[in-house]
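Me: Please take a close look at a single part of this model, the strands and how they are placed. I would like one connected description.

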Amino acid sequence: MSDAPQQPGSTATDPPEARLLVIDDEPIACRQLEQVFRHSPFTVVTREDGASGLQALDQERFDAVLTDLRMPGVDGMGILRRARERDPDLAVIMITGHATLDSAVEAMKAGAFHYIAKPFRIDEVREVVAKAVEFTRLRRDNRALRDQVEQGGRKATLVAQDTAMQRLLETARQIAPTDCNVVLTGESGTGKELLARYIHNHSTRAEGPFLAVNCGALQDELLASELFGHEKGAFTGATQQKKGLFEAAAGGTLFLDEVAETSPAMQVNLLRVLQEREVLRVGGRTPIPVDVRVIAASNRRLDRAVDRGDMREDLYFRLNVVNLVLPPLRDRRDDIPLLAYYFLKRHALAMGKRIDDIEPAALERLVEHDYPGNVRELSNIIERGVALARTTDLTLADLPRALREASARVVDEAAAPVRTLEEQEAVQIRQALDQTGGNRTRAARLLGIDRVSLWRKIKRLGIEPPG
């Protein structure tokens, strides 16, 4: 997951019923279209002239408009212009018995979503309207996300319309004010630090600092100095006193990433801080009280780390008051378009490029991909695409070749065995090592972790280097 705004108005329930406005000066045509959508998930509002159609647009909110092109008074082009003035993201479909190339070109140039000629096929109309509604909602989400990106700030919110993810966020909001310790687990790249920031921002400590450290990236001596601070002269190079992160995060939240990678000695020190609510600086003799909430994270299950003896059971219970598990991106595919559009705007703004949309073929391929690197990988793919894009749309040609050439995803859910997080982690590490010819530095970069963390994971999982 990435530092991204939550979908505005999103809930854990299904999206509200779509509203379709039908405008045609032939009453029989209006009745016919009402029948077409009688058993569809749409609420259909009909108007039998252009003037009343304009009035409906001014008074109500719709997800798509289906209008006749040729009408006396206010015609379909007039409807299209007003619709774009009121809501530039609203998809308008033209339908007419006077199908000519010139009128089709004129309507499409003016911004019509689609053009259908009478006599039309019922299945065609249903399919086009369904795509128009999806287009409208996606563009509205995209605009809201872009507005939030442009507002700036580090207040962490999350893009999510997936039901399971929405339940997770609701739980996070519920426990945020309680000040209890929290453990976040999930694959690398799912957004554990972002969720930690989200909890912090919804807590009573939101005005305090949020500080983070990757426990697996530092050796014990450096990690102790970083967490607990040190006194002047405590070791070679300690030329002045330094506050540790536990002190610096006073009144706020300290995020301990990859906590399971710490040594037994460091785990004893962490346990003491959590129990006594005080720290002892390296080289110091006087305990210092600390007021900080701890959120820990790991890409493996901590209960299994306890079973193997990699983690102290007492520390586990101190940290694991609440455990939230972030799902991998492949299990929340409904969120991929929203995330893709968010990253599109974020990276386009950062690069000073105007890129407004993602072509359907590219979006389809993005949704099909399995993302072993999760949200971080999606962000990297979009960033690369924005850098290479030559038009105002992100196209299939802008995606990595491996992604372009990937065959459509075919998954037999019933037959596919469920892998544990550790098994998935081992597979990803082996793939990274194979792709980099065993170069651990490049493999770590590919996986989005540091070289020390990769070395520890290889040792723990017993992974043999490629021959």
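Reply: What follows describes one strand and its partners, and then a separate sheet order with the helix across it.

The model is predicted. Strand β4 covers residues 91-96, and six of its six residues are buried, so β4 is largely enclosed by the rest of the structure. Buried here stands for under 20% relative accessible area. The side chains split by direction: Ala91, Ile93 and Ile95 point one way from β4, while Val92, Met94 and Thr96 point the other way.

Strand β3 (residues 64-68) pairs with β4 in the parallel sense, over five bridges. Within this pairing, Met94 of β4 has Thr67 opposite. Between β3 and β4 the chain passes through helix α3 (residues 76-86), and this β-α-β crossover is right-handed. β4 also pairs with strand β5 (residues 114-117), in the parallel sense and over four bridges. Here Thr96 stands opposite Ala117 in β5.

Further along the chain, five strands form an open sheet with parallel pairing, in the order β7-β10-β13-β6-β14. β7 (210-214) and β14 (322-325) are at the edges with a single partner strand each, so one side of each has no neighbour in the sheet. On average, neighbouring strands of this sheet are turned by 20° against each other, direction ignored. Inside the order, β10 (residues 253-257) and β13 (residues 293-298) pair in the parallel sense over four bridges, and Thr253 has Arg293 in β13 as its bridge partner. Helix α7 (residues 192-201) lies across β6 (182-185), β7, β10, β13 and β14, and runs at about 150° to β6.

Definitions and conventions: Residues numbered from 1 in each chain as written. Predicted model: local features only at pLDDT ≥ 70, side-chain atom pairs only at ≥ 80, totals over all residues. Heavy atoms only, no water. Pairing = 2+ DSSP bridges. Helix = DSSP H or I, 4+ residues; strand = E, 2+ residues; numbered from the N terminus. Axes fitted to C-alpha atoms, helices over the stretch in contact; angles between N-to-C directions. Contact = heavy atoms within 4.5 Å. Buried < 20%, exposed > 50% of the residue type's maximum accessible area, 1.4 Å probe, protein only. Right-handed = clockwise from strand over helix to strand, strands pointing away.
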